[in-house]
Amino acid sequence: MLLKASSLLMTVTLLGGAAAAQEPAMRLSTRDLAEWIDRRFEGEWERSKIEPSAVVDDATFLKRTYLDLGGTLPRVSEAREFLDYAGEQKRDALVDQLLNETRRPEKHAARTAAHWATLWRRMMAPGNTPEARMAIGLEPWLREQFLANVPYDELARKLVTASSTDGTPVVATNPQMGMSGGPAVFYLATGGKPETSASAVSRVFLGVRIGCAECHNHPFASWKQQDFWGMAAFFAGVKNGTVADVAVAKIRPLNGLEDYTAAYLGGGPAEVPAGKTPRQALADWMVSRENAHFAATAVNRVWQQLVGRGLTDSVDDLDLASAEEREILDELAELFVDAGFDLRWLMTGICKSRVYQRGCVALEEGEIPPPGFRPVKALQPEQIFDSLEQALALPISRADGGARFNGLRDQLISRMNEAAANAPEEYRAGIPQALLMMNGRLTAEATDLEQSRTLRGVLDAPFLNAEAKLETLYLATLSRRPSPQEQEFLLAHVRKETDERRQQEAFAEIFWGLLNSPEFVLER
């Protein structure tokens, strides 16, 4: 994913030309989509008399985009190349390079596919329960879908209609070992019952939480108990660890007195066509263009992951959003449908927009977020590890004792999961997580002059003076150069030591401070 200066304009030209040749007539280019987003929000801000935040500098954009699209920091060489290049289209080119496989432009880059598989898995099965942890077995399958840029309606259809292949219970195996239970693991990870399946599918794909209507009518929304059990009937074959379909989609609640027939949410009884299973009929209804909730929920979730907050107050309560609140979302969802439910197209257009590239906004308590509001985002545990792996130049092979294989990655993610948030704008990290970063094995070895690969590479380089060494440590950890004030203060801290060993230890202290700074674990 090197961003070579000489290839910037070529990247934009080739990718744009290839996409244009294959696009349907109604489909916008990603540049046109970005401009549509900017015009739409700027008009909204003008009407509401809102002064938007300024567009961020190149270093902030660089770190933000790498974390959002690839889940990790750029290499020092990549950061230098991007920051030093003066071309006008370099931000668009960076987005294209991160989202495209160089030799196969129809595919997501592998790193992006892996990162978004993790994000989508966490969204599908939030929390840190044993069931949610089973959802890790979904990641290899999700990664394949993102890598191939499978249209989102097709991805959803595959998952909703997934079944046990041979009638045996679904088993979620270890994805680190290259094994998984496939899309049917979704049902196991969300409870493995018709009731939990109905709740999960409705929330994930329709942005509706109907679980409160399981025992009584929903206290805040219009959903009735019969709506909940009508959806649950589609999943009557999900039980005892197996995922299958039943001949007649009916269900009777435990201790209930009546059967409920499968019914589309908010509609009448479902008519299952001959030759189709109940869940296939549900998928047909769910992904149809007439079902405005499906495309809007997909767009809202992508927007939340990239910008930090959805286009409505809650991405899981789309049914409670007002028509005014949904206006921009629904218009963007229509464009998404016109583009063939292309997630890569949507992500590219959002990241190329000035709305995405604006600075974070700090709100007063109780203040209503303005349209396009960007909060500071907390990194997911996997992003923290992957960023540490990059910044510390950790060994990545099994033979070399890579942290992905010796238990350190699992340990860090497990501890971070204790306080992991369900939304990007939430930050719940506490003392155990802070101590893990400050005193854990990874950080301790990273700042040890004898063991740290990054420190040794920087401090032993004969061609780097003190200023260049400090700059390299900043680029490795924060993807930016130190400010003049930081450079003056920290170099004074180094140069007050006359002994070479003590100067090296001073650089190690600086490196430790950068790794433990809020800027390292937060995205602005």
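Colleague: How many aromatic pairs does the structure hold?
Modeller: This is a predicted model. A pair of aromatic rings is described by the distance of the centres and the angle of the planes. The count of aromatic pairs in the structure is 18.

Colleague: Is the aromatic pair of Phe234 and Tyr264 stacked or edge-to-face?
Modeller: The ring centres of Phe234 and Tyr264 are 5.6 Å apart. Their planes meet at 20°. Planes under 30 degrees apart count as stacked, so the pair of Phe234 and Tyr264 is stacked.

Colleague: How many residues apart in sequence are the parts that Phe234 and Tyr264 tie together?
Modeller: Phe234 lies in the loop between α12 (225-232) and β1 (238-239). Tyr264 lies in the loop between β4 (260-261) and α13 (278-287). The pair therefore ties together parts whose separation in sequence is 30 residues.

Colleague: Is Tyr264 buried or exposed?
Modeller: Its partner Phe234 has a relative accessible area of 1% and is buried. Tyr264 has 17% relative accessibility. Buried means under 20%, so Tyr264 counts as buried.

Colleague: What kind of pair do the rings of Phe294 and Phe341 form?
Modeller: The ring centres of Phe294 and Phe341 are 5.8 Å apart. Their planes are at 55°. Stacked needs under 30 degrees and edge-to-face over 60, so this pair is tilted.

Colleague: Which parts does the pair of Phe294 and Phe341 tie together?
Modeller: Both Phe294 and Phe341 are buried. They belong to parts that are 47 residues apart in sequence. Phe294 lies in helix α14 (residues 292-307), and Phe341 in the loop between α15 (327-338) and α16 (343-352).

Colleague: Which residues do ring pairs link into a cluster?
Modeller: Phe294 and Phe341 belong to this cluster. Ring pairs link them with Trp116, Trp120, Phe146, Tyr152, Phe205 and Phe336.

Colleague: Which ring does the charged end of Arg64 sit over?
Modeller: Two charges over rings can be described here. Lys90 lies over the face of Phe82, at 4.5 Å from the ring centre. The charged end of Arg64 is 5.8 Å from the centre of its ring, that of Tyr356.

Colleague: How many disulfides does a search of the whole structure find?
Modeller: A disulfide is a covalent bond between the sulfur atoms of two cysteines. Cys212 is partly exposed, with a relative accessible area of 41%. Cys360 is partly exposed too, at 26%. The number of disulfides found in the whole structure is zero.

Colleague: What is the phi of Lys49?
Modeller: Most residues other than glycine have a negative phi. Lys49 lies in the loop between α2 (30-48) and α3 (58-70). It is exposed, with a relative accessible area of 76%. Lys49 is not a glycine, yet its phi is positive, at about 55°.

Colleague: Where is Asn240 found?
Modeller: Asn240 also has a positive phi, near 55°. Its relative accessible area is 70%, so it is exposed. Asn240 is found in the loop between β1 and β2 (242-243).

Colleague: What span should helix α23 have?
Modeller: Helix α23 (residues 484-495) has twelve residues. The rise is 1.5 Å a residue. Its end C-alpha atoms are 16 Å apart, which agrees with the expected span of 16 Å.

Colleague: Which elements are included in what covers the buried residues of α23?
Modeller: Leu490, Leu491 and Val494 are buried in α23. They cover an arc of only 100° around the axis, so they lie on the same side of α23. The face turned away carries the exposed residues Gln485, Glu488 and Phe489. The cover over the buried residues includes α22 (466-478) and α24 (500-515).

Methods: Residues are numbered from 1 along each chain as its sequence is written. This is a predicted model: local features need pLDDT of at least 70, side-chain atom pairs count only at pLDDT 80 or more; totals for chains, interfaces and linings use all residues. Side-chain values use heavy atoms; hydrogens and water are left out. Rings of Phe, Tyr and Trp (its six-membered ring) pair if their centres lie within 6.5 Å; planes under 30 degrees apart count as stacked, over 60 as edge-to-face and the rest as tilted. Helices (H or I, at least four residues) and strands (E, at least two) are DSSP runs, numbered from the N terminus. Buried means under 20% relative accessible area, exposed over 50%, partly exposed in between (1.4 Å probe, protein chains only). A charge sits over a ring if NZ of Lys or CZ of Arg is within 6 Å of the ring centre and within 35 degrees of the ring normal. A disulfide is a pair of cysteine sulfur atoms within 2.5 Å. The expected span of a helix is 1.5 Å times one less than its number of residues. The arc is that of the directions from the helix axis to the C-beta atoms. Contact means heavy atoms within 4.5 Å.
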